[in-house]
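Visitor: I'd like a close look at one part of this protein, please. Pick a strand and walk me through what surrounds it.

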Amino acid sequence: MAATPQNTERSTVAGSAKRSRTTASRVLPPIELPASPDELARKAAALLGWNGVVLPVTTLLGRKVSIVARLRTDVHAERIAMGVGPVADRATVDTWTWPELAATAPAPAAEIIGVLAVARHWRTAMASAVPFARYGEAAMVLPSLAVLTEDYVANCLPRARAYGLAVVTADPYATSDLDLAGRTERLLLDEDPVSRWVNEMAYEQLLRADLVAAESD
């Protein structure tokens, strides 16, 4: 049976739409990370001059981040003597900031240099980095292709400057470059239950990293 003009028109439109979607998918492939998040975090920390141990990517406060930290060896030794290792229970750590218990709470055993959020898109990286930027240095690590968009220039950069975030890019060969320096002259929150708990998580990771290094030797 011959197709009616109406059916022919619909077929032509549907075929054109399908070809457009296929062409668009070929022209705009998804942006991928050029290396593993851990490798990109290590390179970004070196570029930023953050001298510390770049800890493996972990999920904190529902965000995937890499903490750069150093162990406070004197505090660590004191905590060993007291028998107080890293405390992961948030309810317990919360009590350390209570006025009646603050004097007897163990001291923070980690010095957090900064927090890195590695992601394919700036919105994901920013959502991960901002909660930690309230306490200190924080940076986003993005594929270089992700910053070559109008959306990044118009929407990401103003927000990153407002939050004081640094932006590090990684090209297809995983070479890092600084796209935006972090802003240090900003108000930071004092120590609170959240920052104390994050410090305990960094402390725990630092001890694990030291154990892995010892076993490797």
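**Strand S5 and its surroundings**

Guide: Let's start with strand S5, residues 138-143, which is mostly covered: six of its six residues are buried. Keep in mind that this is a predicted model.

On one pairing, S5 goes with strand S4, residues 110-118; the two are parallel and share four bridges. If you want a spot to click on, Ala117 stands opposite Met140 in S5. S5 also pairs with strand S6, residues 166-170, again in the parallel sense, with five bridges joining them. Here Val141 has Val168 in S6 as its bridge partner. To get from S5 to S6, the chain passes through helix H6, residues 150-163, and this β-α-β crossover is right-handed.

Now go back to S4, which covers residues 110-118, and look at what meets Ala110. The backbone oxygen of Ala110 lies 2.7 Å from a polar atom of the Asn199 side chain. Asn199 itself belongs to helix H7, residues 193-216. Asn199 counts as buried because its relative accessible area is 8%, and the cut-off for buried is under 20%. Leaving aside neighbours within four places in sequence, Asn199 touches Pro108, Ala109, Ala110 and Ile112.

While you're around H7, which spans residues 193-216, have a look at Trp197 too: Arg90 lies over the face of its ring, 4.8 Å from the ring centre. Don't go hunting for ring-on-ring partners, though, as a search of the whole structure finds zero aromatic pairs.

Conventions:
Residues numbered from 1 in each chain as written. Predicted model: local features only at pLDDT ≥ 70, side-chain atom pairs only at ≥ 80, totals over all residues. Heavy atoms only, no water. Buried < 20%, exposed > 50% of the residue type's maximum accessible area, 1.4 Å probe, protein only. Pairing = 2+ DSSP bridges. Right-handed = clockwise from strand over helix to strand, strands pointing away. Phe/Tyr/Trp six-rings, centres within 6.5 Å; stacked < 30°, edge-to-face > 60°. Lys NZ or Arg CZ within 6 Å of the ring centre and 35° of its normal. Polar contact = N/O pair within 3.5 Å; in protein donor to acceptor, adjacent residues only side chain to side chain. Contact = heavy atoms within 4.5 Å.
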